[in-house]
Amino acid sequence: ETQKASYQFAEAKKARREVIEHKGKVDSYRRRLNEAKKEADKDNVTEKKKHIRNVKKYVKMFVTELENASSRYDSYLLATQKLTGLRMSEGGLNDSLSISKQSLKELQRSNETLERQYQHSEAQFKQIKQQVVALKNKATQMADIMNDEDLKDKLEDLSTEIGTLEGQIEDADYNIRNIQDNPQVLILYAAQKKKLRDFSDQFENLKDFKGAKRSELIACMEPYEAALTNITQKVNAKFMNYMKELGCAGEVRVCKGEHERGEDIYNFKDWGIEIRVKFRESSDLQVLSARVHSGGERSVSTIMYLMAMQDMMVSPFRCVDEINQGLDERNERLVFKRIVANSTMNPDRSNDPASHRGQYFLITPKLLPNLEGMDTAGVTVLCIFNGAYNFKRFGDWNIGTMIDTIQSRKRRKLEEESE
């Protein structure tokens with residue numbers, strides 16, 4: 001409505017300007033009319049008629065402009081009246097708006113007060129609820145809830161509502177006062193309390209006993225772990241060098257299970273030797289396993305690990321069956337060279353009968369030709385023949401008889417050819 005009134009007010013201003021313009025035109029026409037009258041008084045009849053026509057024309061134009069000016073002026077007055085009424089209404093609306101804003105502020109302040117009260121009440125409720133839960137947990141710890149199904153059901157049935165809990169507390173107080181009047185119940189309570197003290201004492205004694213045994217275990221474990229670590233480091237140094245000669249990498253370390261720094265470190269069944277290898281430059285060291293490595297890679301790693309332990313063996317011999325199977329030609333030659341080198345080197349202490357390298361038996365269905373080390377004095381090759389054409393008794397093995405048989409076959413063949 002205000003926009004409409006503003007528009008009408010602008011139209012009224014425009015009409016006022018037009019009224020002023022028309023008034024100027026009316027004044028101009030009035031001057032022309034007076035001039036025409038003067039000319040008509042002094043000119044002849046023809047000129048008078050001409051001037052009369054002009055006068056009529058100017059009169060008609062003057063009347064038209066007066067009518068238009070009057071209409072525009074009426075519109076201006078009407079728009080001014082409406083605008084005045086709207087401005088008065090706008091003042092009243094502004095007053096109402098101020099009153100509404102003041103009421104809104106008061107409501108907002110009241111709402112903030114109620115919200116603070118609500119938050120405070122909610123905080124108190126959470127605190128009381130936490131206290132109830134804590135007391136319930138404490139009661140669960142103090143009571144033998146795992147073996148007392150009745151008590152367990154009662155604790156699970158406890159409500160978290162304040163009013164309900166207060167009523168249950170009053171009932172419990174009433175029951176306690178009644179229990180005090182029953183001597184048998186008091187005797188039973190005293191007996192259970194004594195039993196609890198005895199169990200507590202036994203528990204403390206067991207804790208002390210456990211601490212003493214743990215100290216004994218640590219005292220026994222420290223030299224064992226030190227010796228194991230020392231041996232593993234020696235094996236690891238040799239294993240790393242042997243794998244490096246093959247163009248690979250590897251390491252040997254003691255694995256103490258998943259919890260190497262926790263209490264389970266004393267669970268020795270989880271301890272073991274872990275072999276980690278890599279056969280490609282782009283890969284990382286991984287635990288030796290059938291899931292990751294091929295049969296040839298596992299064979300190479302196993303042989304190098306056995307060779308690394310060769311210096312620490314105490315048995316007089318070692319026997320390995322078909323360990324060279326599955327190796328490519330390059331790795332088989334390198335592995336055989338390493339076996340010969342480790343098995344034929346001189347002992348560390350020549351005067352000590354217990355210092356030895358031990359014999360190494362390599363059982364295999366085949367070997368590569370021209371292996372390095374076959375002509376070493378410490379290497380003996382035993383070929384075992386088996387088949388349908390072997391001698392049935394070892395006594396049948398006679399070199400002279402075999403030579404005579406071969407010569408007689410050659411003579412018969414020559415006689416047959418000469419005939």
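**Notebook: surface, core and salt bridges**

I looked up Ile403 first and found this residue partly exposed, with a relative accessible area of 43%. I placed Ile403 in helix α8, which spans residues 399-418. I noted that the model is a predicted one.

**Nonpolar surface patch**

I then asked which residues make the nonpolar surface patch of about 510 Å². I listed Phe391, Trp397, Ile399, Met402 and Ile403 as its members. The partly exposed state of Ile403 fits this listing, because a patch takes residues with over 30% relative accessible area and Ile403 has 43%.

**Overall layout**

I recorded 8 helices and 5 strands in the protein chain. Reading from the N terminus, I wrote the order of elements as α-α-α-α-α-β-β-β-α-β-α-β-α. I looked up the buried share as well: 19% of the 419 residues of the protein chain count as buried.

**Nonpolar core**

I turned to the largest nonpolar core and asked how many residues it has. The entry is 23 residues, and those with the most contacts inside the core are Phe239, Met243, Ile303 and Met304. I traced the contributions by element: α5 (183-245), β2 (272-278), α6 (295-308) and α7 (329-344) each supply at least two residues of this core. Helix α6 gives the largest share, 7 residues. I set beside this the general remark that, in soluble globular proteins, nonpolar side chains tend to be buried together.

**Salt bridges**

I searched the whole structure for salt bridges and noted 10. I examined the pair of Arg253 and Glu274, whose closest N and O atoms are 2.8 Å apart. This pair links distant parts of the chain, with Arg253 in strand β1 (residues 249-255) and Glu274 in strand β2, 21 residues apart.

I next asked of Glu274: buried or exposed? Glu274 counts as buried, at 14% relative accessibility, because the cut-off for buried is under 20%. Its partner Arg253 is partly exposed, with a relative accessible area of 31%.

I found that Glu274 also meets Arg276 in a salt bridge, at 3.9 Å from N to O. Following the shared partners, I obtained one network that joins Glu251, Arg253, Glu274 and Arg276.

I entered a further pair, Lys269 and Asp270, whose side chains meet in a salt bridge at 3.3 Å, N to O. I looked up the accessibility of both residues: Lys269 counts as exposed at 68%, whereas Asp270 counts as partly exposed at 34%. In general, side chains of opposite charge can pair when their charged atoms come close.

**Negative patch**

I asked which residues gather in a patch of negative charge on the surface. They are Glu166, Glu170, Asp171 and Asp173. I located Glu170 in helix α4 (residues 162-179). I recorded Glu170 as exposed, because its relative accessible area of 56% lies over the cut-off of 50%.

**Two loop residues**

I checked Leu285 and found this residue in the loop between β2 and β3 (286-287). Leu285 counts as partly exposed, at 30% relative accessibility. I compared its position with that of Ile275: the two are 10 residues apart in sequence and 9.4 Å apart in space, C-alpha to C-alpha.

I closed with Asn370, which I found in the loop between β5 (359-363) and α8 (399-418). I noted that phi of Asn370 is near 60°, a positive value in a residue other than glycine. I recorded Asn370 as exposed, with a relative accessible area of 75%.

Terms used
Residues numbered from 1 in each chain as written. Predicted model: local features only at pLDDT ≥ 70, side-chain atom pairs only at ≥ 80, totals over all residues. Heavy atoms only, no water. Patch = residues over 30% accessible without salt bridge, like charges linked within 9 Å, V, L, I, M, F, W, Y side chains within 5 Å. Areas by Shrake-Rupley, 256 points an atom, 1.4 Å probe, with all protein chains shown as cover. Salt bridge = Lys/Arg side-chain N within 4 Å of Asp/Glu carboxyl O. Lys, Arg positive; Asp, Glu negative; His and termini not counted. Charge placed at Lys NZ, Arg CZ, Asp CG, Glu CD. Helix = DSSP H or I, 4+ residues; strand = E, 2+ residues; numbered from the N terminus. Buried < 20%, exposed > 50% of the residue type's maximum accessible area, 1.4 Å probe, protein only. Core = buried A, V, L, I, M, F, W, Y, C linked by side-chain atoms within 4.5 Å.
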